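Let's take a walk through this model together, beginning with a single side chain and working outwards to the fold as a whole.

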Amino acid sequence: MAKYFKKGLYLYTGISLIVLVVLLICTSDRQTWMTITRFNLSYLPLLILATAFKWLFDGLSISILVREGSEVRIGVWKATGMRLKSSFLAITFPVLLSSTSYQGYLLYRENISPGRSAGITGFRAILPIFLFLLVLPLPFISYPGFKLNLLFSRILKGVFLPIGLALFFFILTLFFPRRIKSFSSWIIERLPKLKVLRPEKVDKVKEGAFREVDILSAQLSHYLTKGKRSLLLAEGCIVVSFFWEFAISIIILWGWGIKPPFFQFFLLQLLLRPILYFAPTPGGSGISELSYAGFFSIFVPKYLVGVSVLLWRIWTSYIGMILGGVGVVSSLRKDLKAGEPSRLINL
């Protein structure tokens, strides 16, 4: 695991640095450096507050889903820490894949079975997708003459494929668990040929996998029947978390003395969010910077675009990843001191 993480870290850092440097070179001039010194630092407390609320409501969404989906209780602070650690692991693989997988691992360490952990993290991953499907038509309804530029339109169309696949596997797991079992069985039976699993352990692994698939399917069904209130609360927390994340951008603009149209500003970011959610690069590197370069160019002069993207990335991503990294390292050290080698290292 450590080997793959190092490669992901180098890739993430390299892509982000290259894109940011290119953006700064292409958009900066003498006015840029003159304006930077005039950034209104009185907005700094607002940036800190917006970032903290973004993290807290994100953590609260997990806390609510855990409370409904298991007998374990996880406080908001601990859940927020889990989400920050997951964001740190997003450096290694595409954002959704790595953060969701590691979140499930952290829940498993809280004595929640793999099936229940998968159900909780699966719903946490699918809830924003339902939100995206609701908000995507909004710009066209709110602004009848609204048109997307060609590049943004193509990127947005590309998002529908991963959204469709995510919903497909969600429905398959919920209503057709036998299909998932058949697929799992097909994979497990081929593991001995790859020398990943001993032949005599195939039946035992199959039995465990089938049991967890049943638990996962029952977990998803429970949320949609008895846990509807919890789903709505968790979805509300995600909406509020997004609001504070989007607020970071507008606060940066206020710092430059720019007052963009509030509703349009947030609406366009809602369109951008699914693009970043399904970013295929580690930590969304490159795609995040370029997407928000196009976004900021609508509201700020060219000489402020690169600097605005850098500030936005620091507050929405880099600070959280650093704190998450500190949390991951701290957890590993505690495991080593307790004489319990972390299972993550052996993955």
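## Val66 and its neighbours

Setting aside residues within four places in sequence, Val66 is in contact with Val72, Ile74, Leu107, Ile112, Ile120 and Tyr223. Keep in mind as you look at these contacts that the model is predicted. Val66 belongs to helix 3, which covers residues 44-69.

Is Val66 buried or exposed? Its relative accessibility is 0%, so Val66 counts as buried. One of its partners deserves a second look: Ile120 is 54 residues away from Val66 in sequence, yet the two C-alpha atoms are 6.5 Å apart in space.

## The nonpolar core

Val66 and Ile120 turn up again in the largest nonpolar core, which has 78 residues. Along with Tyr292, Phe295, Phe296 and Val300, they are the residues with the most contacts inside this core. Which helix gives the core its largest share? That is helix 11 (residues 228-255), with 13 residues.

Phe295 makes a good stop on the tour. Leaving out residues up to four places away in sequence, Phe295 touches Ser249, Phe265, Leu268, Gln269 and Leu272.

## Helix 13 and its packing on helix 11

Helix 13 spans residues 287-296, and 7 of its 10 residues are buried, so this helix is largely enclosed by the rest of the structure. The buried residues in helix 13 are Ser288, Glu289, Ser291, Tyr292, Ala293, Phe295 and Phe296.

Helix 11 packs against helix 13 at an angle of about 50°, and their axes are 13 Å apart. Angles that fall outside the parallel, antiparallel and perpendicular ranges count as oblique, and that makes helix 11 oblique to helix 13. Their crossing is right-handed. On the helix 11 side, Phe246, Ser249 and Leu253 take part, meeting Tyr292, Phe295 and Phe296 of helix 13. By class, this contact has 5 nonpolar residues, 1 polar residue and no charged ones.

## Helix 10 and two of its partners

Let's turn to helix 10 (residues 202-225), starting with helix 6. The axes of helix 6 and helix 10 cross at roughly 40° and come within 7 Å, which makes helix 6 oblique to helix 10. Helix 6 passes helix 10 in a right-handed crossing. From helix 6, Pro114, Gly115, Arg116, Ala118, Gly119, Ile120 and Phe123 meet Glu212, Ile215, Leu216, Gln219, Leu220, Tyr223 and Leu224 of helix 10. This contact is made up of 9 nonpolar, 3 polar and 2 charged residues. Ile120 and Tyr223, both found in this contact, are also among the partners of Val66.

How do helix 9 and helix 10 run relative to each other, and at what angle do they pack? Helix 9 (residues 177-190) packs on helix 10 at an angle of about 155°, with the axes 10 Å apart; the two are therefore roughly antiparallel. This crossing, too, is right-handed. Pro177, Ile180, Lys181, Ser185, Ile188 and Glu189 of helix 9 meet Val202, Val205, Lys206, Ala209, Phe210, Val213, Asp214 and Ser217 of helix 10. The residues of this contact divide into 8 nonpolar, 2 polar and 4 charged.

## Phe132, further along helix 6

Phe132 also lies in helix 6. With 0% relative accessibility, Phe132 counts as buried. Not counting residues up to four places away in sequence, Phe132 touches Phe242, Arg273, Pro274 and Tyr277. Phe132 and Leu271 are 139 residues apart in sequence, while their C-alpha atoms are 7.8 Å apart in space.

## A residue on the outside

For a contrast, have a look at Asn111, in the loop between helix 5 (95-108) and helix 6 (114-135). Asn111 has a positive phi of about 70°, although it is not a glycine. Its relative accessibility is 72%, so Asn111 counts as exposed.

## The whole chain

Stepping back, how many helices and strands does the chain have? There are 14 helices and 0 strands. Of the 347 residues of the chain, 49% count as buried.

Pairs such as Val66 and Ile120, 54 residues apart, fit into a wider pattern. Among contacts in the chain with a separation of 6 or more, 76% are between residues 24 or more positions apart.

Terms used
Residues numbered from 1 in each chain as written. Predicted model: local features only at pLDDT ≥ 70, side-chain atom pairs only at ≥ 80, totals over all residues. Heavy atoms only, no water. Axes fitted to C-alpha atoms, helices over the stretch in contact; angles between N-to-C directions. Helix = DSSP H or I, 4+ residues; strand = E, 2+ residues; numbered from the N terminus. Parallel < 35°, antiparallel > 145°, perpendicular 65-115°, else oblique. Left-handed = near helix turned anticlockwise from the far one by under 90°. Contact = heavy atoms within 4.5 Å. Nonpolar A, V, L, I, M, F, W, Y, C, P; charged D, E, K, R; others polar. Core = buried A, V, L, I, M, F, W, Y, C linked by side-chain atoms within 4.5 Å. Buried < 20%, exposed > 50% of the residue type's maximum accessible area, 1.4 Å probe, protein only.
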